[in-house]
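Please examine the sequence and the three-dimensional structure shown below. The account that follows is intended to be read alongside them.

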Amino acid sequence: MRDFDTFPILQRQLSTMSHAAPPPILLVAPRRALVDEVIRVRVDNLPPGAPVTLRCLHQSEDKDYWEAYGHYVSDATGSVSVADDVSLGGTYRGAEVMGLLWSMRPVPGSRTGLRLRKRNVCTPMAFTISVYDGHVDRDFGGRRPLAEDLMERWYMAPGVSRVEVKERGVRGTLFIPPGPGPFPGLLDMWGGGGGLLEYRSALLASHGYVSFALEYFAPGELASADLEFKYFETAFELVRRHPAVIPRKVGIFGLSLGALVAVNMAAESTVVKPACCVCISGSHYFPRKTHLSKVHQPIAPASRKGRMDEEQNLIWRDISLPISSDLSRKTDVRRINCPVLLVIGLDDQNHPAAEYAEDMAQMMRSVGKEHLLTRLEYPDTGHLIEPPYSPHFRATNFMWKGKVTLLWGGRSKAHSDAQEDSWNKMLAFLRRHLYSPQVPEARM
């Protein structure tokens with residue numbers, strides 16, 4: 001990939017003010033950055049006390065449009081700073097430096113149940129930042145902006161290598177940081193939606209980890225996936241034996257079903273010895289010594305506890321409650337011997353993540369291993385805890401014996417704060433347990 005400084009940037013100033021007045025100037029910095037980097041947005045050359053709307057617009061790879069906007073009033077110098085000034089309305093309120101990103105939502109009239117995810121990490125997410133005269137809530141397309149600028153957000157930093165893997169029956173994509181290495185390694189696993197998702201691994205590689213985004217079943221095929229845990233052991237060994245990886249510094253990173261697999265491997269595998277595990281919205285509720293397709297076997301008899309909310313979104317949270325005391329229905333986490341970080345949304349409507357975490361803590365406490373377990377708990381936070389500044393998805397479409405809309409939970413502001421805080425703490429946890437002095441951290 002070319003250095004970002006060689007990419008052209010377009011900035012347009014489209015003034016509706018009189019020719020005698022200098023046009024407003026819209027400043028976005030940096031215009032090219034990793035998705036977890038903070039941007040600064042500022043407007044100058046406005047009349048003092050002028051009401052304006054700042055809007056961010058993005059077209060997804062699925063061709064859906066997403067937007068966020070805030071209402072501001074310029075100060076006595078004719079300036080607006082998103083980092084310092086208060087949004088009086090729009091998709092977010094208050095002084096929110098990244099509000100133009102985390103509060104994004106599909107534009108009115110879009111398809112329902114959408115989720116914004118990057119599929120091609122070799123290209124940036126492009127956003128148009130615009131400033132409009134007055135406080136605007138709709139019909140942006142029919143208005144001429146005072147000024148516009150473009151920015152790019154990347155999951156993959158310059159110099160990161162992307163390698164497709166189809167080896168020993170395992171499939172996925174490996175991301176390798178720039179530099180001579182060796183580096184710590186990560187096996188990165190997503191949840192029950194299936195398919196190959198690369199964006200988190202690309203971002204982890206941008207922070208100095210060889211990260212393997214593992215694909216382990218196609219969307220909607222979990223129930224028929226004949227996957228034994230040997231598949232995941234083989235994937236872990238592929239990372240551990242890679243020449244760019246420090247063999248004793250390999251961890252596991254998982255969300256939802258991926259976190260369940262991580263816990264199971266750390267506790268039950270005689271082959272895999274992870275240096276640490278990061279588990280987001282995870283579980284240990286799994287019948288021992290069975291195929292992954294049987295993951296819902298313990299809760300099937302209680303499926304009647306599934307319910308709909310007032311918008312006909314499916315809630316799975318209560319299905320596995322109360323947590324069983326039968327050890328044969330759970331991973332024996334008492335056998336875990338590595339540090340584990342649990343990231344928990346207390347409004348998770350898909351998993352009883354807090355109850356799972358407490359049961360895991362009690363089991364590990366019973367054998368004197370609770371010190372290995374760290375819990376991060378976030379109020380008003382749902383199941384889908386993504387990299388920072390990602391939009392919040394309270395309910396989205398999901399393939400489960402046909403298409404359903406699952407309620408994930410969370411409230412946008414609290415969930416966004418949790419994504420930012422937890423990401424920084426997950427990176428700190430990984431540095432503590434995997435870092436070595438040779439590991440560079442890629443920057444834009």
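The paragraphs below take up the sheet, the helices that lie across it, the nonpolar cores, and some backbone features.

The model is predicted. A convenient place to begin is an open sheet of eight strands with mixed pairing, whose order is S11-S12-S14-S13-S15-S16-S19-S20. At its edges stand strand S11 (161-167) and strand S20 (373-378), each of which pairs on one side only. From one strand to the next, the twist averages 20 degrees. Within this sheet, strand S12 (residues 170-176) and strand S14 (residues 210-215) are paired in the antiparallel sense over five bridges. The register of the pair can be followed at Arg-171, whose bridge partner in S14 is Glu-215.

Two helices lie across strands of this sheet. Helix H3 (residues 230-240) lies across S11, S12, strand S13 (183-189), S14 and strand S15 (245-255), and runs at about 135 degrees to S15. Helix H6 lies across S13, S15, strand S16 (277-280), strand S19 (340-345) and S20. The angle between H6 and S15 is about 155 degrees.

Helix H6 also leads into the interior. The largest nonpolar core has 73 residues, of which Val-41, Leu-54, Leu-101 and Leu-430 touch the most other members. H6 (residues 412-434) gives the most to this core, contributing seven residues. Leaving aside residues up to four places away in sequence, Leu-430 touches Leu-186, Leu-204, Tyr-209, Phe-253, Cys-276, Val-278 and Tyr-435. A second core, separate from this one, comprises 50 residues, including Val-239, Val-245, Ala-266 and Leu-342.

Which residues of H2 are buried? They are Tyr-199, Arg-200, Ser-201, Ala-202, Leu-203, Leu-204, Ala-205 and Ser-206. Because eight of the eight residues of helix H2 (residues 199-206) are buried, this helix is largely enclosed by the rest of the structure. Leu-204 of this list is also one of the residues that Leu-430 touches. Just after H2, Gly-208 adopts a positive phi of about 100 degrees.

The backbone has further features that merit inspection. Most residues other than glycine have a negative phi, and most peptide bonds are trans. Against that background, two cis peptide bonds may be considered, from Gly-181 to Pro-182 and from Leu-321 to Pro-322. For the bond from Gly-181 to Pro-182, omega is near 0 degrees, and Pro-182 is located in the loop between S12 and S13. For the bond from Leu-321 to Pro-322, omega is near -5 degrees; Pro-322 belongs to the loop between strand S18 (314-315) and S19.

Positive phi values also occur at Lys-63 and Ser-256, neither of which is a glycine. Lys-63 has a phi of about 70 degrees and lies in the loop between strand S5 (51-59) and strand S6 (65-73). Ser-256 has a phi near 60 degrees and is placed in the loop between S15 and helix H4 (257-268). Is each of these residues buried or exposed? The relative accessible area of Lys-63 is 59%, so this residue is exposed, the threshold being over 50%. Ser-256, by contrast, has a relative accessibility of 10% and therefore counts as buried, the limit being under 20%.

Key:
Residues are numbered from 1 along each chain as its sequence is written. This is a predicted model: local features need pLDDT of at least 70, side-chain atom pairs count only at pLDDT 80 or more; totals for chains, interfaces and linings use all residues. Side-chain values use heavy atoms; hydrogens and water are left out. A nonpolar core is a set of buried Ala, Val, Leu, Ile, Met, Phe, Trp, Tyr and Cys residues joined through side-chain atoms within 4.5 Å. Buried means under 20% relative accessible area, exposed over 50%, partly exposed in between (1.4 Å probe, protein chains only). Helices (H or I, at least four residues) and strands (E, at least two) are DSSP runs, numbered from the N terminus. Contact means heavy atoms within 4.5 Å. Two strands pair if DSSP finds at least two bridges between them. Axes are lines fitted to C-alpha atoms, for helices over the stretch in contact, and angles run from 0 to 180 degrees between N-to-C directions.
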